[in-house]
Amino acid sequence: MAVQRITYVPSYSLVLTTLCANKCGYCPYPHSYIEPLPSKKRLLRELHRAAHKGASLINITAGEGISAHPEIVETIAYYGLSDYLSYLCFVSNCISSINTSYSLFPEMDIGLLSYAELKILRKHFLSYKLLLESVDPMVQASDAHRYAPDKEPKRRTEALINAGRVRIPTTSGLLVGIGESKGSRKRCLETLAEIHSRYGHIQSIEIKRFSPYKRTPMGQNPPPSPDDMIETVHMARTILASNIIIQVSALENSDIALELVKAGVRDIGEFPLNDENGQFARSQQLLLQIEDELARQGFQLEQRLPIFPPYIQKGWYPLDFRDLIKKYFQRNTPETFLSKLKSASHAAQ
Ligand code: SF4
């Protein structure tokens with residue numbers, strides 16, 4: 001019997017800013033502050049750090065709906081650029097400039113984008129991440145999304161359709177445990193399945209577990225139960241096309257990672273290599289532990305890129321990345337983050 005492969009990706013989050021036009025009741029962004037939009041010097045410093053740590057995915061992330069925010073407009077003008085879109089292209093140019101020595105693959109997780117914006121950005125970024133999160137009107141009217149106009153399901157659906165029209169491989173998904181009903185989880189998955197049936201661009205669906213952050217309006221709410229998560233994965237597998245990968249973060253679900261895989265998860269998500277809050281050490285430790293658990297159950301853990309193989313075969317990626325992707329797959333025994341980690345761990349014993 002063929003071994004079932006489960007993928008993961010070593011990632012590094014490059015937070016451009018925590019400024020956001022929304023105030024989701026579960027998000028720490030509006031309560032933290034990172035000065036807007038790093039300079040070229042700071043971007044390059046972060047990117048070098050990411051490459052040295054072994055990241056392959058660079059998660060370009062920011063608050064949503066910020067392009068007209070006065071601090072953003074002012075910073076962009078200071079850098080001599082015209083608008084937020086040109087700043088994002090500038091970020092991409094920084095990545096290309098260090099990719100002469102490294103292999104960093106950028107994904108954008110920056111909220112709603114128009115058709116025109118996506119058409120330009122798809123030439124710079126390998127993939128787009130935009131969770132639909134929920135289509136439940138009760139959620140929209142609750143603490144979760146009452147002050148988050150960009151989480152309006154119609155607006156998010158439109159952006160996902162635009163992503164399909166420009167053919168950018170997209171990861172979407174839902175957020176479980178923010179007050180939605182089981183029926184609305186089903187409707188959310190059906191909406192995503194329907195969009196994918198028209199455009200074929202949804203490479204993976206993340207089923208994200210709500211996690212309460214202190215000092216947020218939903219900081220006292222309980223996370224969803226393990227059964228809720230497993231049941232949602234089963235539901236997703238029956239609703240979504242078989243070519244959509246179901247993704248659940250093993251880091252956020254380490255208590256039930258194996259059960260989730262048995263329920264149909266085929267990607268255990270990102271292992272962030274950022275230094276903050278002991279993330280790097282935790283990612284390393286958990287990856288080794290999960291690989292061991294999966295191997296004992298007959299699963300094989302494999303590193304992936306932000307873009308999944310069917311979209312590589314279809315050529316749905318920016319031309320600038322053609323040689324890097326080729327190089328990645330031409331190696332007979334690619335040196336992955338996990339293989340380096342295992343060698344280091346053996347050497348230390
Ligand atoms: S839109 Fe995203 S960044 Fe902004 S508050 Fe909501 S979850 Fe946080």
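This is a short walk through one predicted model, from the overall fold to three helices, a loop and the ligand shell.

I'll start with the whole chain. The secondary structure comes to 13 helices and nine strands. The radius of gyration is 19 Å, close to the 20 Å that the globule rule gives for 349 residues, so the protein is as compact as a globular protein of that length. Along the principal axes, the C-alpha trace spans about 55 × 50 × 40 Å. Buried residues account for 43% of the 349. As for contacts, take those between residues at least 6 apart in sequence: 78% of them join residues at least 24 apart.

Now the helices, beginning with α1. Its 14 residues should span 20 Å at 1.5 Å a residue, and the end C-alpha atoms are indeed 20 Å apart. Which residues of α1 are buried? They are Leu43, Leu47 and Ala50. Seen down the helix axis, these buried residues fall within an arc of 60°, so they line one face of α1. The cover over them includes β1, β2, at 57-62, and α3, at 84-98. Turned away from that buried side are the exposed residues Lys41, Arg45 and His52. Just after α1 comes glycine 54, with a positive phi of about 105°.

Staying in this part of the chain, look at the loop between β1, residues 4-17, and α1, residues 40-53, where proline 36 sits. Proline 36 counts as buried because it has 21 C-beta neighbours inside 10 Å, and the cut-off is 20. Beyond its neighbours within four places in sequence, proline 36 is in contact with Thr17, Leu19, Glu71, Ile72 and Thr75. Leucine 81 is 45 residues from proline 36 in sequence, and the two C-alpha atoms are 14 Å apart.

Leucine 37 belongs to the same β1 to α1 loop. It is buried, with 25 other C-beta atoms within 10 Å. What is the sign of phi at leucine 37? It is positive, near 50°, and this residue is not a glycine. For background, most residues other than glycine have a negative phi. Arginine 167 is another case: its phi is positive, about 60°, although it is not a glycine either. Arginine 167 lies in the loop between α6 and β5. With 17 other C-beta atoms within 10 Å, arginine 167 is partly exposed.

The two elements flanking that loop come up again with α7. This helix covers residues 182-199, which makes 18 residues, and reaches 26 Å from first C-alpha to last, close to the 26 Å expected. Its buried residues are Arg185, Cys188, Leu189, Leu192, Ile195 and His196. Down the axis of α7 they fall within an arc of 120°, so they line one face of the helix. What covers them? The cover includes α6, at 153-166, and β5, at 170-176, along with β6, at 202-209, and α8, at 226-239. On the other side of α7, Gly183, Glu194, Ser197 and Arg198 are exposed. Glycine 200 follows the helix, and its phi is positive, near 65°.

The third helix is α10, residues 279-296. Its 18 residues should span 26 Å at 1.5 Å a residue, and its end C-alpha atoms are 26 Å apart, which agrees. Buried here are Ser283, Gln284, Leu287, Ile290 and Leu294. The arc holding them is 145°, so they too line one face, that of α10. Among the elements covering these residues are β1, α9, at 257-263, and β8, at 267-272. The cover also includes β9, at 299-303, and α13, at 337-348. On the other side of α10, the exposed residues are Ala281, Asp292 and Arg296. After the helix, glycine 298 has a positive phi, near 90°.

Last, the ligand. Which residues surround it? The shell consists of Cys20, Asn22, Lys23, Cys24, Cys27, Tyr29, Pro30, Gly63, Glu64, Ala148 and Asp150. By class, that shell has six nonpolar, two polar and three charged residues.

That is the end of the tour.

Definitions and conventions: Residues numbered from 1 in each chain as written. Predicted model: local features only at pLDDT ≥ 70, side-chain atom pairs only at ≥ 80, totals over all residues. Helix = DSSP H or I, 4+ residues; strand = E, 2+ residues; numbered from the N terminus. Expected span 1.5 Å × (residues − 1). Buried ≥ 20, exposed ≤ 12 C-beta atoms within 10 Å, placed from the backbone. Arc of directions from axis to C-beta. Contact = placed C-beta atoms within 7 Å. Near = placed C-beta within 6 Å. Nonpolar A, V, L, I, M, F, W, Y, C, P; charged D, E, K, R; others polar. Rg over C-alpha atoms; globule rule 2.2 N^0.38 Å.
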